[in-house]
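Welcome, and please open the structure in your viewer. We will go from pockets to strands to charged pairs, with something to select at each stop.

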Amino acid sequence: MDLKEAAQAWREDGFVILPGFIPHEELKPAAGELDLLFPSAEGFHDATDPRRERFLGDQFAGIDYFPFASTEISLLAVNHRILALAGMLLEDDGFQISGAEAWAKYAGASDYDQDLHRDYLGHTLLVPSTAPGFRQLEMFVYLADVPEEFGPAHLVPRRHTVDLPAVPDRYLRPGLESKSRFHDGSGSPHLYEAQVPAAGPAGTVVAFEIGTVHRGTAMTAPRGARYTMHVNFRPSGVHWGQRRGWAYSAVQEDWFKFVERATPRQLQAFGFPPPGHPYWTPETLAGMALRYPGLDLTPWRQPG
């Protein structure tokens, strides 16, 4: 599937599944540094890795936030293929990355079987829009193989959800109850029957809108371990689409390591002005040389 076909599927269904989108040779450096973030399957299940306890009892305990301890995994979040895909889907060359998380799950560590839901509450101050220029994008990037028994996402095509109101945003499985106005306790059989599994090999990218109904599924493989990255993007004009504030993270040593290896295009996705922008003056360039002594500022020194 080329990028234009992917964009068409994304617009029609609210998601597109791209198996092996990141080639092995581009994924390998990041996959080779997973141990900097997470225990291996053996280290977790044999209880030989002292980090094991962190992952027990809470399905979200396995999340690390950008910038990562692995610079290779940080760079993968803005891999050139991911940026090209985001630009095509959002129809916006000035889009920005609004969040990035690496996530490890281990069979038996927690209950990862989720209710169908939409993510928008944690990604915008408003509600989702399907109008061009206002769509927000999420991506799951598989850092290792995610077959069905490793708990991939299941997603519901838009034709089954187009008439759903913005609230509730979560559709509980049969037998579950909640008094929250954001929860639908009817069991929603028509939605659960329409789920499309997103299993795939390492390098697979699952791109979906913040209003797409989806869920994480249970890990059933004995001694299984699942490693993914969750990357979020917003169009340049969607200032209400928020996930993380990057200046808050920009004092971490891992941030400096990332910035000093990133390209101008990759940094632009985080809000750096592009080369030629009027922000770049002798004053700001001198300051950047002090803040990021390992960053080659040559591209930004060129006249606009």
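A pocket here is an open set of grid points with protein on both sides within 12 Å along at least five of seven lines, and its lining residues have an atom within 4 Å of a point. Keep in mind that this is a predicted model.

**Stop 1: the second largest pocket.** Select Arg118, Thr130, Arg158, Thr161 and Gly211, which lie nearest the centre of the second largest pocket among its 19 lining residues. The volume of this pocket is about 280 Å³. Colour its lining by class and you will find nine nonpolar, six polar and four charged residues.

**Stop 2: the largest pocket.** Now select Phe60, Trp103, Gln114, His117 and Asp119; of the 30 residues lining the largest pocket, these lie nearest its centre. Strands β2 (63–65), β3 (96–106), β5 (137–142), β11 (214–216) and β12 (225–234) each give two or more residues to that lining. The space inside comes to about 490 Å³. By class, 12 of the lining residues are charged, with nine nonpolar and nine polar.

**Stop 3: strand β3.** Show β3 with its surroundings. It is largely enclosed by the rest of the structure, because 10 of its 11 residues are buried. On to its partners: β12 runs antiparallel to β3, with 10 bridges between them, and Trp103 sits opposite Thr228 of β12. Strand β2 is also antiparallel to β3, joined by three bridges; pick Asp64 and you will find Ala102 of β3 as its bridge partner.

**Stop 4: salt bridges.** Stay on Asp64 and add Arg54: their side chains form a salt bridge, 2.5 Å from N to O. Asp64 belongs to strand β2 and Arg54 to the loop between α3 and β2, so the pair ties together parts 10 residues apart in sequence. Which of the two is buried? Asp64 is, at 18% relative accessibility, whereas Arg54 is partly exposed at 34%.

Next, select Arg215 and Asp113, whose closest N and O atoms are 2.6 Å apart in a salt bridge. This pair links strand β11 with the loop between β3 and β4 (116–117), 102 residues apart. Arg215 is buried at 10% relative accessibility, and Asp113 is partly exposed at 22%.

To finish, select Glu91, Arg135, Arg158 and Glu209, which are joined into one network by salt bridges that share partners. You met Arg158 at the first stop, near the centre of the second largest pocket. Across the whole structure, a search finds 14 salt bridges.

Technical notes
Residues are numbered from 1 along each chain as its sequence is written. This is a predicted model: local features need pLDDT of at least 70, side-chain atom pairs count only at pLDDT 80 or more; totals for chains, interfaces and linings use all residues. Side-chain values use heavy atoms; hydrogens and water are left out. On a 1 Å grid over the protein atoms alone, a cavity is a set of points where a 1.4 Å probe fits but cannot get out, and a pocket is an open set with protein on both sides within 12 Å along at least five of seven lines; lining residues have an atom within 4 Å of a point. Grid points are joined across faces, edges and corners, and a volume is the space filled by probe spheres set on the points. Helices (H or I, at least four residues) and strands (E, at least two) are DSSP runs, numbered from the N terminus. Ala, Val, Leu, Ile, Met, Phe, Trp, Tyr, Cys and Pro count as nonpolar, Asp, Glu, Lys and Arg as charged, and the others, Gly among them, as polar. Buried means under 20% relative accessible area, exposed over 50%, partly exposed in between (1.4 Å probe, protein chains only). Two strands pair if DSSP finds at least two bridges between them. A salt bridge is a side-chain nitrogen of Lys or Arg within 4 Å of a carboxyl oxygen of Asp or Glu.
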